[in-house]
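Colleague: I'm new to this structure and would love a guided close look at one part of it. Could you take me there step by step?

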Amino acid sequence: MSAGMRASQRGAPAPLAAGARLEAMRRRVRLSRVAVWTVIAAGPIALAVAVASTPGAVAQAPEAKPAVTRTAAVVADPGGYAQVFLGAWLRSSADDATSAQARLAQSMAPEVDLPDPAPDAQPVVQSVTAVRSVRRAGGTWSVTVAAQYADGSVRYYVVPVAADRWGASFAVTGNPGVVAGPARAGVAKSSYVVTVPDGELSSAVGQFLAAYLTGAAEVDRYLAPGVQLMAVAPAPGTTVTVQQVLAVEEDAAGEKVPADDTTVRVLAKVEARDATGRWPLAYELTLRARSGRWEVAALESGTAHVGGAR
């Protein structure tokens, strides 16, 4: 046998093996098809089982459900609406239903009767202010409105108001009623019980408030690092005098500035004066010790906030 024939015989098994594998794959495909068609006749449940067990079957990814976004209903306080209505109603008269105030009141509450005040018998209304709103069932509200008159007296009215669920529309549903004013609430005992003597702390408080209220100096120089605060504009006074400084912590009463990061809370009562008069004011402050001096870390009565480094 020639060398070429021997080489040919040695190379023959490879094609045969490949052909055998191909034939085996074909048989599996045919068997799968037969299985699928068999279970189709058996019903949808069997079909699902067959597809899942068939070689090469791909598991179906669960259907993605759209995310549900819950939007909270807007609950708008109708206090402002009741305030506008009562101001127009008090300034109107049934004898002059065509006046601007009467037309405004009737446009907000067509079914409500207008008052009929006697000439010069009632003091002039200076201002009206909504002081309390109570939400009731069915989208209705009861709004208490204070009316202040030129003679200094104050009278309280309750105004019934209906609102839609989104707070986009309102309607006065009935005549106002005169009610007793709110009772005076009890006041908790003040936590500012430590008297701060004249010294580093009271001096720091006075210098800061003078800069804050008069604009005579830069406020930043009295603030702790990271605190941002602007002076009041226009300035409410040309001079500021500290009347009393009270504190919560005993550290505030010491003669010397304590260790760094010692924090105290104080209530400063001051008097601001300008050409228009004398104005007694009070401010709650938080001060922090740093490098032998007191710095303002927060102004509870104002708009101080922590920001970037100064």
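To get my bearings, what percentage of the residues in the protein chain is buried? After that, please walk me through the open sheet that five strands form.

Modeller: Happy to! Please keep in mind that this is a predicted model. To start with your number, buried residues account for 29% of the 310 residues in the protein chain. The chain has six helices and twelve strands, and its accessible surface comes to about 20,000 Å², with 56% of that belonging to carbon and sulfur atoms. If you take the contacts between residues at least 6 apart in sequence, 51% of them join residues at least 24 apart.

Now to the sheet. Follow its strands across in the order β6-β8-β9-β10-β11, and you will find that the pairing is antiparallel. At the edges are β6, residues 194-195, and β11, residues 293-299, each of which pairs on one side only. The partner of β11 is β10, which spans residues 277-290; six bridges join these two antiparallel strands. One place to look is Arg290, whose bridge partner in β11 is Arg293. Helix α6, made of residues 200-214, packs on the sheet and touches β8, β9, β10 and β11. The direction of α6 makes about 125° with that of β10.

Let's zoom in on two residues of strand β9, beginning with Ala272. Ala272 counts as buried because its relative accessibility is 0%, and the cut-off for buried is under 20%. Setting aside neighbours within four places in sequence, Ala272 is in contact with Pro236, Gly237, Thr239 and Val240, and also with Gly277, Arg278, Trp279 and Leu281. For a sense of distance, look at Ala235: it sits 37 residues from Ala272 along the chain, and the C-alpha atoms of the two are separated by 9.9 Å.

The other residue is Glu271, which also lies in strand β9. With a relative accessibility of 15%, Glu271 is under the cut-off and therefore counts as buried too. Not counting residues up to four places away in sequence, Glu271 touches Thr239, Val240, Thr241, Gln243, Arg278 and Trp279. With Arg278 there is a polar contact as well, side chain to side chain, at 3.4 Å. Arg278 is thus a good residue to click on: Ala272 is in contact with Arg278, and the side chain of Glu271 makes its polar contact there.

Notes: Residues numbered from 1 in each chain as written. Predicted model: local features only at pLDDT ≥ 70, side-chain atom pairs only at ≥ 80, totals over all residues. Heavy atoms only, no water. Helix = DSSP H or I, 4+ residues; strand = E, 2+ residues; numbered from the N terminus. Buried < 20%, exposed > 50% of the residue type's maximum accessible area, 1.4 Å probe, protein only. Contact = heavy atoms within 4.5 Å. Areas by Shrake-Rupley, 256 points an atom, 1.4 Å probe, with all protein chains shown as cover. Pairing = 2+ DSSP bridges. Axes fitted to C-alpha atoms, helices over the stretch in contact; angles between N-to-C directions. Polar contact = N/O pair within 3.5 Å; in protein donor to acceptor, adjacent residues only side chain to side chain.
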